[in-house]
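Student: Before the questions start, please put the sequence and the model on screen.

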Amino acid sequence: MKFINKAPRDLAQATGTGSATINFQQIGGEVDQLAAYLSFLPKASSYDSYIQINISRDKFNQGLISLPSSDVDTYIKLGASSWSADAGHIECRWNEESRHITGSFNLINSDTQEEISAGIFDVTFPTQK
């Protein structure tokens, strides 16, 4: 499955929390018929560094998804460094009625051993119009 690439600045502002090796000050995202698109920014409205995770809707509430997976796209930009995770895992729990998504992630670039570990998220999306 190929996801639509959505830049963090193009996603709706969401409310919630998330943390990993970085504490996130701003979370954006949306869920459509194909996937959840999540962006985590360590500094509000600053796109120098962020984590982008896209998860296929088929994998919601299915437990841990090992990476790499055709059901998950990741992009990590931390200053001058950018990479996609080709190892680790993602978990995503979704409640359609409340538009609430929770989960965890461990994102690893096995070539360089760069890692964002023990990340969690708890986000409520705005109601779609």
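Student: In which strand does Gln26 lie?

Tutor: A caution first: this is a predicted model. Strand β2 spans residues 26-31 and is an edge strand, pairing on one side only. Gln26 lies in strand β2.

Student: Is Gln26 buried or exposed?

Tutor: The cut-off for buried is under 20% relative accessible area. Gln26 has 12% relative accessibility, so Gln26 counts as buried.

Student: Which residue's backbone nitrogen lies 2.6 Å from a polar atom of the side chain of Gln26?

Tutor: A polar contact takes a pair of N or O atoms within 3.5 Å. At 2.6 Å, the partner of the Gln26 side chain is the backbone nitrogen of Ser45.

Student: What is the order of the strands in the open sheet?

Tutor: The protein chain has 0 helices and 10 strands. Of the strands, 5 form an open sheet with antiparallel pairing. Its edge strands are β2 (26-31) and β7 (81-83). From one strand to the next the twist averages 5°. The order is β2-β3-β4-β6-β7.

Student: How many bridges join β4 to β6?

Tutor: Strand β4 covers residues 49-56, and strand β6 covers residues 72-78. Across this antiparallel pairing, Ile53 stands opposite Thr74 in β6. The number of bridges that join β4 to β6 is 7.

Student: Which residue in β7 is the bridge partner of Ile76?

Tutor: Strands β6 and β7 run antiparallel and are joined by 3 bridges. On this pairing, Lys77 stands opposite Ser82 in β7. For Ile76, the bridge partner in β7 is Trp83.

Student: Which residue in the hairpin of β6 and β7 takes a positive phi?

Tutor: The hairpin has 2 residues between the strands. A phi near 65° is found there, at Gly79.

Student: Which side chain reaches the backbone nitrogen of Gly79?

Tutor: The residue in question lies in strand β4. Its contacts, not counting residues up to four places away in sequence, are Leu41, Pro42, Lys77, Leu78 and Gly79. The side chain that reaches the backbone nitrogen of Gly79, at 2.9 Å, is that of Ser49.

Student: What is the relative accessible area of Ser49?

Tutor: Buried means under 20% relative accessible area. Ser49 falls in that class, so its value has to lie under that limit. The relative accessible area of Ser49 is 17%.

Student: Which type of aromatic pair do Phe40 and Phe121 form?

Tutor: A search of the whole structure finds 7 aromatic pairs. In the pair of Phe40 and Phe121, the centres are 5.8 Å apart and the planes make an angle of 45°. Planes under 30 degrees apart count as stacked, over 60 as edge-to-face and the rest as tilted. The pair is therefore tilted.

Student: How many residues apart in sequence are the parts that the pair of Phe40 and Phe121 ties together?

Tutor: Both residues are buried. Phe40 lies in strand β3 (residues 35-41) and Phe121 in strand β10 (residues 114-124), so the pair ties together parts whose separation in sequence is 81 residues.

Student: Which type of aromatic pair do Phe105 and Phe121 form?

Tutor: Their centres are 6.4 Å apart, with 20° between the planes. The pair links Phe105 in strand β9 with Phe121 in strand β10, 16 residues apart. Planes under 30 degrees apart fall in one class, so the pair of Phe105 and Phe121 is stacked.

Student: Which residues form one aromatic cluster?

Tutor: Phe121 is buried, with a relative accessible area of 3%. Phe105 is also buried, at 1%. The cluster is formed by Phe24, Phe40, Phe105 and Phe121.

Student: What is the relative accessibility of Ile101?

Tutor: Ile101 lies in strand β9 (residues 100-109). Among the residues that Ile101 touches are Ala36, Leu38, Trp94, Phe121 and Phe125. Ile101 counts as buried because its relative accessibility is 0%.

Student: How far apart in space are Ile101 and Val31, C-alpha to C-alpha?

Tutor: In sequence, Ile101 and Val31 are 70 residues apart. In space, their C-alpha to C-alpha distance is 9.6 Å.

Student: What percentage of the 129 residues in the protein chain is buried?

Tutor: The accessible surface of the protein chain comes to about 6,600 Å², with 45% belonging to carbon and sulfur atoms. Of the contacts with a separation of 6 or more, 48% are between residues 24 or more positions apart. The buried share of the 129 residues is 47%.

Definitions and conventions: Residues numbered from 1 in each chain as written. Predicted model: local features only at pLDDT ≥ 70, side-chain atom pairs only at ≥ 80, totals over all residues. Heavy atoms only, no water. Helix = DSSP H or I, 4+ residues; strand = E, 2+ residues; numbered from the N terminus. Buried < 20%, exposed > 50% of the residue type's maximum accessible area, 1.4 Å probe, protein only. Contact = heavy atoms within 4.5 Å. Areas by Shrake-Rupley, 256 points an atom, 1.4 Å probe, with all protein chains shown as cover. Pairing = 2+ DSSP bridges. Axes fitted to C-alpha atoms, helices over the stretch in contact; angles between N-to-C directions. Phe/Tyr/Trp six-rings, centres within 6.5 Å; stacked < 30°, edge-to-face > 60°. Polar contact = N/O pair within 3.5 Å; in protein donor to acceptor, adjacent residues only side chain to side chain.
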